[in-house]
Amino acid sequence: MGKNDILMKKWISDKERFADLFNGGLFGGKQVIDPEGLENEEIHQELLIPDQEKHVVPIRRYHDVVMKSRQNLRLLVLACENQQKVHYGMAVRGMLYDALSYTEQIRRLTLKNRKEKKLTNSAEFLSGIAKEDKILPVLTVVFYYGDEGKWDASKDLYGMMEWGGR
């Protein structure tokens with residue numbers, strides 16, 4: 001982890017700045033995210049996946065900055081990735097981080113449900129979650145602060161895909 005990365009993590013961890021990034025980047029300047037409703041969140045995103053030979057492959061990813069937001073009785077997980085260099089695979093990388101975040105939420109629900117013996121049927125037992133269980137939305141923003149000029153990578157997964165005829 002480089003010096004600039006550490007400095008940017010500390011800089012964007014300011015709740016006012018973090019809220020401004022999301023309000024400007026996702027909501028066109030509308031004040032949706034209140035900095036007073038933000039709390040730092042440490043989410044360790046780890047997953048063990050068996051490969052074809054039944055060896056376990058660990059996957060570990062960490063967002064640069066993660067905060068939980070309580071807005072109008074709703075909770076959101078807000079994540080920020082700081083980028084000094086353009087990353088042409090960022091949409092896929094972001095999707096992986098978000099998927100791991102959702103997987104961790106399911107893991108926590110499963111542990112809680114099994115401990116409290118809340119699962120009442122085979123579908124709930126199989127998934128580890130009850131039909132009425134809900135997970136928190138995860139919104140990720142990439143903050144590009146590079147000096148290489150404008151961000152010229154895809155901003156979404158759709159833009160990275162080959163659809164034929166291109």
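Is valine 92 buried, partly exposed or exposed, and what is the relative accessibility of this residue? In this predicted model, valine 92 has a relative accessibility of 37% and therefore counts as partly exposed, since the partly exposed class lies between the buried limit of under 20% and the exposed limit of over 50%. The residue belongs to helix H3, which spans residues 90-115. Together with Met95 and Met160, Val92 makes a nonpolar surface patch of about 230 Å².

Helix H1 offers a view of two faces. This helix runs over residues 3-12, and its buried residues are Asp5, Met8, Lys9 and Ile12. These residues lie on the same side of H1 because they cover an arc of only 105° around the axis. On the face turned away from that buried side, H1 carries the exposed residues Lys3 and Lys10.

Beyond H1, the chain enters a loop that leads to helix H2 (15-25), and aspartate 14 lies in this loop. Aspartate 14 has a relative accessibility of 33%, so the residue counts as partly exposed. On the surface, Asp14 gathers with Glu16, Asp20, Asp34 and Glu36 in a patch of negative charge.

A further point of interest follows H3. Lysine 117 is placed in the loop between H3 and helix H4 (122-127). The phi angle of lysine 117 is near 50°, which is a positive value in a residue other than glycine. With a relative accessible area of 71%, lysine 117 is exposed, as this value falls in the class of over 50%.

Definitions and conventions. Residues numbered from 1 in each chain as written. Predicted model: local features only at pLDDT ≥ 70, side-chain atom pairs only at ≥ 80, totals over all residues. Heavy atoms only, no water. Buried < 20%, exposed > 50% of the residue type's maximum accessible area, 1.4 Å probe, protein only. Helix = DSSP H or I, 4+ residues; strand = E, 2+ residues; numbered from the N terminus. Arc of directions from axis to C-beta. Patch = residues over 30% accessible without salt bridge, like charges linked within 9 Å, V, L, I, M, F, W, Y side chains within 5 Å. Areas by Shrake-Rupley, 256 points an atom, 1.4 Å probe, with all protein chains shown as cover. Salt bridge = Lys/Arg side-chain N within 4 Å of Asp/Glu carboxyl O. Lys, Arg positive; Asp, Glu negative; His and termini not counted. Charge placed at Lys NZ, Arg CZ, Asp CG, Glu CD.
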